[in-house]
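Here's a quick tour for anyone meeting this chain for the very first time. Have a look at it, then read on.

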Amino acid sequence: MMEITADFNDIYWEPPESEFQPLLDFESDIAREVPHNDIALLTHRIKDSFLDYVRQGVMLDAVCRYRLYKRDYKDFAQYCNLALGRSHFYCKKIIQAAKICIELIKSKFKILPTSVAQALPLLKFAKVDEYGDSDLQDKWQTVIDGFPPQSITAAKIQETLDENPENRAKQVRIGGKSYQLLQQKAAAAGMAVSKYLEMLIGGTQPPDEEPPEGEGEGTELTAEKEEICDELDVYFKSKSRKRGFAIKKPSKSYQKAIKKPSKSYQKATSDKNRSGKVSDSS
């Protein structure tokens, strides 16, 4: 009986974990060298790795610019999705962030954005005008003048460079149950969650919902409706005696459901009664 085994030399077969094997090898190398590691060398390598997004962006830009993907993929978006497992949108952001950092390096800055999220708020200031100038360098200088390097975050960069801070959306963390309750309250008020929050912060209340026209009629017995009910009660009793069977007095709930006859109905009844009297007298 032939036994089928995996051939690790077969170029068409590759164990899934092989993609990450270099990281496992790296971890083993560092662990093995720990007693003899040079702290200066490790520090340099750690700081250098903070800018890995720049290397990614440069490589992605080369693949996109020179269409290196075209042999195996129909476009750059498909390459990002299938080959890298990343969205086309995200890969474009890495390219943009890398270009920002490269420009700052060329401008002799020693402190640089250490992530895509830190670089992207600078993107709108990198546009070059007709004289070949941009605000990128001035804006980044404003950031590093305002914070020590270890305190710079994407949020602080955004806040420092925001030209309309009052209009910028803020993030607030609340528990899942609290958010569900907030959603229910907003839905009941017919409002979006953000608008409902603004209303609560402003100290106002949700608008009262007026009942639709006609809703609520007949829920209370007015004096006129009670009189009509009494007249109907007498009428039904007299009919029941003549025909020899009993008719139950309408319940209160039934009485409440009776609406006052319209004016046109009252007028027609009145005219009919008058015409009946005339014919009887004749």
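**Briefing**

Over residues 1–13, pLDDT (the predictor's confidence in each residue, from 0 to 100) stays under 50, and the model has 3 contacts there beyond four places in sequence, a contact meaning heavy atoms within 4.5 Å. This is a predicted model, so local features need pLDDT of at least 70 and side-chain atom pairs count only at pLDDT 80 or more, while totals for chains, interfaces and linings use all residues. Residues are numbered from 1 along each chain as its sequence is written, and side-chain values use heavy atoms, with hydrogens and water left out.

**Confidence**
- The chain's mean pLDDT is 78, with 63% of its residues at 70 or more.
- Residues 277–282 also stay under 50, and the model has 0 contacts for them beyond four places in sequence.
- Helix α3 (residues 52–65) has the highest mean pLDDT among the elements, 98, and helix α12 (residues 252–257) the lowest, 51.

**Overall make-up**
- There are 13 helices and 0 strands, taken as DSSP runs (H or I, at least four residues; E, at least two) numbered from the N terminus.
- Of the 282 residues, 19% are buried (under 20% relative accessible area; exposed is over 50%, partly exposed in between, with a 1.4 Å probe and protein chains only).

**Aromatic cluster**
- Y69, Y73, F76 and Y79 form one aromatic cluster; rings of Phe, Tyr and Trp (its six-membered ring) pair if their centres lie within 6.5 Å, and planes under 30 degrees apart count as stacked, over 60 as edge-to-face and the rest as tilted.
- The chain has 3 aromatic pairs.
- Y73 and Y79 are edge-to-face, because their ring centres are 5.7 Å apart and their planes at 70 degrees.
- F76 and Y79 are stacked, because their centres lie 6.0 Å apart with planes at 25 degrees.
- Both F76 and Y79 sit in helix α4 (residues 76–84), 3 residues apart, and both are buried.
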